[in-house]
Amino acid sequence: MDNNRYNLLPEAFLERMQEMLGADYEEFLRSYEKPRTFGLRVNTAKISCEEFEKIVPFPVERIPWIQNGYFYHEESRPARCPLYQAGLYYLQEPSAMTPASRLSIEPGEYVLDMCAAPGGKATAAGAALNGEGLLVANDISTSRARALLRNLELFGIPNLFVANEAPEKLVKSFPEFFHKIILDAPCSGEGMFRKEEALAKDWTPEKSRELAGIQRQLILHAADMLRPGGQLLYSTCTFSPEEDEETVSYLQEQRPEMELIEMEPYEGFSPGVPGWGNGAECLKRCVRIFPHKMNGEGHFLALFHKPGETLRQETRIQTKPDKNARKWLEAFFAEIGMKALGGQPFDWNRIEIRADKVYYLPPAAHSFRGITFLRNGLYLGDLKKNRFEPSQPFALALRKDEVSAVISLHVHDERLVRYLKGETLTIASEEAANPKGWHLLCVEGYPLGFGKLVNQTFKNKYPAGWRV
């Protein structure tokens, strides 16, 4: 195998993997000779996989165990494609797509991603909710929570609450509240050694034990926030039994009502090993992803169900903007010909104005008092003197055909690149829906951002902080 890669693997790690894998160990080692794989996940709230395949300008190949996942070649540089800036896909390692794909989220549910940054699983959950219900995405790190918010806004998710809070504080605000919870726990990252060499350099057996203690607290908090009848998906990107089967066993000992359930199978999945936990046969329902058996990095998944049913009366947001604010909002919506927002009819009762900033609150209400957060709902834009100016998140929350004032360019049109750099564009009269005023610039019909048309000159409103 590649001696450089092999030399980076800690001796104690190799010894434990040899003990765990037995006859499979040599094949596992050979997987480090192979190049890492690259993947993207299509935002099916905005575009179907069939339509994506028609317009994507670089080669892709379906990931067989992910319904909306694709492999791509590293040289394709998909982050530079306007389709990415339109939020039509998320770049994610193929194995890391698996947890969210095995949690069946229905529109209207309340979903929590406890350790959500940078947003791979949260964006998948938000797309599945399709603008209905509530997505709470949390990360304890402020800088990581900011990156999380950007990715959720890029994906056009309107019904979000982005928290920056310690999990033990969340438990007090959300006892038995969520229908679905994702806990992609902080872990030793052994499954990512091929992808990120720094993880291998920093690894120690002691770190794994320390993280296992953190994981056990987090998984108890998650179980306590799950409503009866709900599901909890626990995942790591490590091979360590201490962080995987042993942590699952710990939850079952502390919360015996939590049942391990089967996940949608795939031929490359390996079952959990009872002997690596407390010996319970149900540990076989866990899923392990090994790089020598699948085209991806290492991962571990466990899906729990809390028996019972919750008949809680749900509350809904009821707010109303003042008449002047509503007047300017209505004028802007009329100018762009807005028919809907994020796949749903627009609801004026969800408008909230704070310091001249306009927000569109999630349809499902809850008291978030005392929780540190970065965003509650969709940031629509700002009220200026006698006008409303739209935000970039508002543009990205709009779906194809939800507004009539559009300028749609082909994915290969060089003006898209110039727009994303903040430059002014020249637009032919036949390319614009209206002769002047606010327009939504689109790539293949999919919203990219706002601008203002004056005498065939498109004045760029793409924010400086979003430019590429």
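Is Leu-112 buried or exposed, and what is its relative accessible area? In this predicted model, Leu-112 is buried, its relative accessible area being 0%. The points below begin with the surroundings of this residue, then turn to the nonpolar cores, the crossing of helices H11 and H12, and selected backbone features.

**Leu-112 and its surroundings**
- Leu-112 belongs to strand E5, which spans residues 110-113.
- Setting aside neighbours up to four places away in sequence, Leu-112 makes contact with Val-136, Phe-178, Lys-180, Ile-181, Ile-182 and Met-225.
- Two of these partners can be placed in strands: Val-136 falls within strand E6 (134-138), and Phe-178 falls within strand E8 (178-184).
- Between the C-alpha atoms of Leu-112 and Gly-189 the separation is 22 Å, and the two residues stand 77 residues apart along the chain.

**Nonpolar cores**
- The largest nonpolar core holds 38 residues, and the members that touch the most others are Leu-183, Leu-232 and Phe-304.
- Helix H11 (residues 205-225) supplies the largest share of this core, namely six residues.
- Another core, of 36 residues, lies apart from the largest one; Phe-52, Leu-88, Leu-416 and Val-443 are among its members.
- As a general background, nonpolar side chains in soluble globular proteins tend to be buried together.

**Phe-304 and Gln-252**
- Beyond residues up to four places away in sequence, Phe-304 touches Ile-219, Gly-230, Gln-231, Leu-232, Tyr-234, Val-248, Leu-251, Gln-252, Met-258, Glu-259 and Leu-260.
- One of these partners, Leu-232, is itself named with Phe-304 among the core residues that touch the most other members.
- Gln-252 is located in helix H12.
- With a relative accessible area of 16%, Gln-252 is buried, because buried means under 20%.
- Apart from neighbours within four places in sequence, the contacts of Gln-252 are Met-258, Leu-260, Cys-282, Leu-283 and Phe-304.
- Met-258 and Leu-260 are thus partners of Gln-252 and also of Phe-304.

**Crossing of H11 and H12**
- The axes of H11 and helix H12 (residues 245-254) come within 10 Å of each other, with a crossing angle of roughly 45°.
- The two helices are therefore oblique to each other.
- The handedness of this crossing is right-handed.
- On the H11 side, the contact involves Ala-212, Gln-215, Arg-216, Gln-217, Ile-219, Leu-220 and Ala-223.
- On the H12 side, Glu-246, Thr-247, Tyr-250, Leu-251 and Gln-254 take part.
- By residue class, the contact comprises six nonpolar, four polar and two charged residues.
- Ile-219 of H11 and Leu-251 of H12 take part in this contact, and both are also touched by Phe-304.

**Backbone features in loops**
- A cis peptide bond joins Ala-117 to Pro-118, with omega near 5°.
- Pro-118 sits in the loop that runs between E5 and helix H7 (120-129).
- Asn-130, a residue other than glycine, has a positive phi, near 55°.
- This Asn-130 occupies the loop between H7 and strand E6, and is partly exposed, at a relative accessible area of 25%.
- Glu-176 likewise has a positive phi in a residue other than glycine, its value being near 45°.
- The loop that contains Glu-176 connects helix H9 (167-173) and strand E8.
- Glu-176 is partly exposed, with a relative accessible area of 35%.

Note on methods: Residues are numbered from 1 along each chain as its sequence is written. This is a predicted model: local features need pLDDT of at least 70, side-chain atom pairs count only at pLDDT 80 or more; totals for chains, interfaces and linings use all residues. Side-chain values use heavy atoms; hydrogens and water are left out. A nonpolar core is a set of buried Ala, Val, Leu, Ile, Met, Phe, Trp, Tyr and Cys residues joined through side-chain atoms within 4.5 Å. Buried means under 20% relative accessible area, exposed over 50%, partly exposed in between (1.4 Å probe, protein chains only). Helices (H or I, at least four residues) and strands (E, at least two) are DSSP runs, numbered from the N terminus. Contact means heavy atoms within 4.5 Å. Axes are lines fitted to C-alpha atoms, for helices over the stretch in contact, and angles run from 0 to 180 degrees between N-to-C directions. Angles under 35 degrees count as roughly parallel, over 145 as roughly antiparallel, 65 to 115 as roughly perpendicular and the rest as oblique. A crossing is left-handed if the near helix is turned anticlockwise from the far one by less than a right angle, and right-handed if clockwise. Ala, Val, Leu, Ile, Met, Phe, Trp, Tyr, Cys and Pro count as nonpolar, Asp, Glu, Lys and Arg as charged, and the others, Gly among them, as polar.
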